Structures are given as structure tokens and as C-alpha cells.
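This report describes the fold of one protein chain, beginning with a helix and the sheets around it. The text is meant to be read beside the sequence and the structure.

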Amino acid sequence: MKPCLFLAIETSCDETSVAIFDEQLHVKANVIASQTKWHERFGGVVPEVAARAHMELLTPTIAEALSTASISMKQIGAVAVHHGPGLAGALLVGLSSAKMIALGLGVPLIGVNHVHSHLYACRMSAGRDIFPCVGMVVSGGHTILFDCESALQMKRLGGTIDDAAGEAFDKVANLLGLGFPGGPALEKEARLGSPKAYSYPRSFIHEERLDFSFSGLKTAVLYSIAPPGEKLNLVKIDALSRANMAASFQEAVVDVLAVKCLQALKRTGRKRLAVGGGVIANNCLRDRLATQCSRLEIDLFVPQKDLCTDNAAMAALAVEYWKEQRFSDLSLDVCSTVY
């Protein structure tokens with residue numbers, strides 16, 4: 001097949017991103033327009049606000065990506081877009097733009113699953129094939145384990161039954177008054193505390209089921225701040241207690257994620273583990289998985305940190321579809337399906 005330049009669009013949640021890459025996975029531009037300032041006053045992502053922000057940010061982000069890559073729109077040979085899962089209104093902004101560009105240029109449109117792309121980010125950072133493997137996506141909206149036969153063949157093994165790990169980080173950070181986005185703020189606070197200070201629950205850790213639950217953990221932190229029946233008052237939390245709560249919460253999440261990865265590897269017999277999503281930017285989790293996998297002689301693949309959070313470069317999963325000539329038509333819709 002002829003060489004191809006791809007333009008990829010990501011608008012699944014609160015990051016507006018556009019990337020340019022080729023069929024060899026060389027990323028020529030990966031521009032991310034953060035929406036943090038739009039959402040921080042609400043303490044979390046507001047879907048309608050996110051959609052409006054994407055409408056304002058997408059066109060200049062496309063222009064910046066083309067400029068960074070030093071190419072014109074006419075050189076684009078295919079358009080990739082994350083069409084789900086995610087916030088429906090936000091996804092529609094990116095999908096509509098992708099369709100318009102593909103139609104105008106007369107080039108293929110390739111719809112890509114946003115969750116699967118998080119695992120493909122591991123492939124991109126590795127610079128070599130990583131499949132077959134066990135894959136875990138751990139982000140603000142998802143905590144899921146997959147048995148990955150290939151980049152395009154993934155079987156769901158289990159996932160969260162309530163809050164995703166990243167969602168729990170954000171909610172606990174809010175409870176502790178650490179601000180938004182919660183993940184980085186809580187990790188920073190945790191460095192000041194002891195992970196053994198509080199004995200927080202680790203749901204399903206002694207069970208073989210490959211599922212997760214973090215809502216009880218979040219509630220346990222809440223009760224550390226204010227026991228049942230008592231009004232929440234952040235002013236009453238001293239600095240050391242806040243740091244200890246953050247460290248103990250983080251340790252509980254990392255314990256559960258690490259154990260479930262081990263269980264999935266044992267069940268499938270795989271010798272490779274790929275972990276993608278925003279939460280894998282957490283250094284405590286990265287270090288735990290690295291130590292654990294080294295001890296068991298498991299190959300661990302995690303993305304470089306700029307490919308962990310939502311971005312358009314990881315939509316290079318579209319290259320795998322392009323190689324098989326599996327294109328989408330203009331009836332492509334947003335979807336909520338993870339697998």
C-alpha cells in the first residue's frame with residue numbers, strides 16, 4: 001500500500017486533541033488543548049461544557065496540528081476519530097468534523113474505540129509489537145481488563161462495577177480539598193503521608209473474579225474525614241491527616257490494580273502486560289507494576305506519560321484497520337460500547 005498520512009481527532013471527554021501520524025506510527029504532531037480551566041470551578045467534568053469547549057477549540061487545534069507537522073490538509077490520506085465510548089455530545093463534535101474532512105478530501109474515515117486506543121498507546125511507546133497480552137485500561141471513566149489476542153481482537157475479562165479508578169481519585173481529591181484534576185493533586189499530596197496510616201478496604205482483592213469496586217473505598221475516606229451523621233468540614237483536617245488519607249487511599253487503589261493484573265495473567269497464561277489510561281501516569285502504580293512484573297518475568301508495557309491521558313496520537317490504532325482496509329462509512333455514530 002502507498003504511504004499514508006492520518007489526521008486523528010479525540011473529543012471523548014475533556015481534552016480536545018488532534019494528531020498527525022503516518023502508517024509507520026511516526027507521530028508528526030499531537031496537539032492537546034486542555035479544558036481544565038473550563039471545568040475546575042465545578043470540581044469535575046460537565047458534559048455540556050465539554051461539548052461547547054470542543055466546538056470552540058477543535059478548529060484551531062486542527063490548524064495547529066497541521067502547522068506543527070508542516071503539511072497541508074490536502075496531504076491527508078485518511079481520517080481517524082474516536083467515536084466512543086465517552087460523552088455523547090463531546091464525541092459528536094469530533095465525529096461530525098471527521099466526517100466533514102473525510103468527505104471533503106475524498107479519503108477513508110476510520111472510527112476507533114477510545115478504550116482500545118489506550119492499550120495501543122503501549123504499542124506506540126514500545127516501538128514493537130506487544131500482542132498477545134493482558135491489557136488493563138485504568139482511567140477516569142474506565143477500569144477494565146482485557147485478554148488481547150491482537151490490536152484488533154480483545155476479549156473483556158472484567159471491569160469496575162461502580163466508580164472507575166480515575167473517577168475515585170478525582171472524587172477523593174475533591175473530598176480532601178485538593179482541587180481538579182484530582183489524580184495529579186492527590187499523588188502529590190500522598191508523597192507527604194504514610195500509606196499505612198489508614199486501613200482502607202480493597203474490594204475483591206481476595207476473590208478470583210476480575211472485577212473492581214472503588215465506591216466503598218471512596219466512602220471509607222469520607223468517613224475518615226467525617227464519621228456517619230457528622231457534617232463534612234475540611235477545615236478540621238490537619239495537614240498530616242490529609243496527606244495520610246491521600247497516601248492510604250492511593251495505596252489501596254494500587255494494591256487492587258496490581259493484584260487483579262496478576263490474576264488476569266495467571267488466568268490467561270500470558271507473559272505480557274500492557275496498561276494504558278490516565279491513571280498509569282501515577283508513579284506509585286507504575287513502580288509497583290514494574291517491580292511485580294520484573295519479579296515474575298512478565299514483560300510490562302506502559303505508555304510514555306504524554307500518551308497516558310486522552311490524546312489523538314493513540315488513535316493510531318486506525319493504522320491497523322487501514323492495513324486491513326476496514327473503513328467506516330458516513331453513517332458511523334457515537335457508541336458507548338467498550339468491547
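## A helix across the second sheet

Helix H4 lies across S6, strand S7 (143–150), S8, S9 and S10, and runs at about 115 degrees to S9. Helices (H or I, at least four residues) and strands (E, at least two) are DSSP runs, numbered from the N terminus. Axes are lines fitted to C-alpha atoms, for helices over the stretch in contact, and angles run from 0 to 180 degrees between N-to-C directions. Contact means heavy atoms within 4.5 Å.

The model is predicted: local features need pLDDT of at least 70, side-chain atom pairs count only at pLDDT 80 or more, and totals for chains, interfaces and linings use all residues. Residues are numbered from 1 along each chain as its sequence is written, and side-chain values use heavy atoms, with hydrogens and water left out.

The strands crossed by H4 belong to an open sheet of 5 strands with mixed pairing, in the order S8-S7-S6-S9-S10. Strand S8 (153–159) and S10 are at its edges with a single partner strand each, so one side of each has no neighbour in the sheet. On average, and with direction ignored, neighbouring strands here are turned by 25 degrees against each other. Two strands count as paired if DSSP finds at least two bridges between them.

Strand S9 (residues 272–276) is mostly covered, with 4 of its 5 residues buried. Buried means under 20% relative accessible area, exposed over 50%, and partly exposed in between (1.4 Å probe, protein chains only). S9 pairs in the parallel sense with strand S6 (residues 133–138) over 4 bridges, and also in the parallel sense with strand S10 (residues 299–301), over 3 bridges. Between S6 and S9, Val 134 stands opposite Leu 273, and Gly 135 has Ala 274 as its bridge partner. Towards S10, Arg 272 stands opposite Asp 299.

## The first sheet

Another open sheet of 5 strands, also with mixed pairing, has the order S3-S2-S1-S4-S5. Its edge strands are strand S3 (27–34) and strand S5 (109–113), each of which pairs on one side only. Neighbouring strands of this sheet are turned by 20 degrees against each other on average, direction ignored.

Two helices pack on this sheet. Helix H2 (residues 47–69) touches strand S1 (5–10), S2 and S3, and its direction makes about 25 degrees with that of S2. Helix H4 (residues 114–126) touches S1, S3, strand S4 (78–84) and S5, with its direction at about 90 degrees to that of S5.

Strand S2 (residues 15–22) and S3 pair in the antiparallel sense over 7 bridges. Glu 15 has Ser 34 in S3 as its bridge partner, and Ser 17 stands opposite Ile 32 in S3. The hairpin of S2 and S3 has 4 residues between the strands, and in it Leu 25 takes a positive phi near 70 degrees.

The strand pairs with stated bridge counts are listed here.

| Strand pair | Sense | Bridges |
|---|---|---|
| S2 and S3 | antiparallel | 7 bridges |
| S6 and S9 | parallel | 4 bridges |
| S9 and S10 | parallel | 3 bridges |

## H8 against H9

The axes of helix H8 (residues 239–268) and helix H9 (residues 283–296) come within 10 Å and cross at roughly 35 degrees. The crossing of H8 past H9 is right-handed; that term applies if the near helix is turned clockwise from the far one by less than a right angle, and left-handed if anticlockwise. H8 contributes Gln 250, Glu 251, Val 254, Asp 255, Leu 257, Ala 258, Cys 261 and Leu 262 to the contact, and H9 contributes Cys 284, Leu 285, Arg 288, Leu 289, Gln 292 and Leu 296. These residues divide into 9 nonpolar, 2 polar and 3 charged. Ala, Val, Leu, Ile, Met, Phe, Trp, Tyr, Cys and Pro count as nonpolar, Asp, Glu, Lys and Arg as charged, and the others, Gly among them, as polar.

## Phe 214

Phe 214 is placed in the loop between helix H6 (182–190) and helix H7 (215–225). Its relative accessible area is 1%, and Phe 214 is therefore buried. Not counting residues up to four places away in sequence, Phe 214 touches Thr 143, Asp 162, Asp 163, Ala 164, Ala 165, Ala 168, Val 253, Val 256 and Leu 257.

## The whole chain

The protein has 10 helices and 10 strands. Of its 339 residues, 55% are buried.
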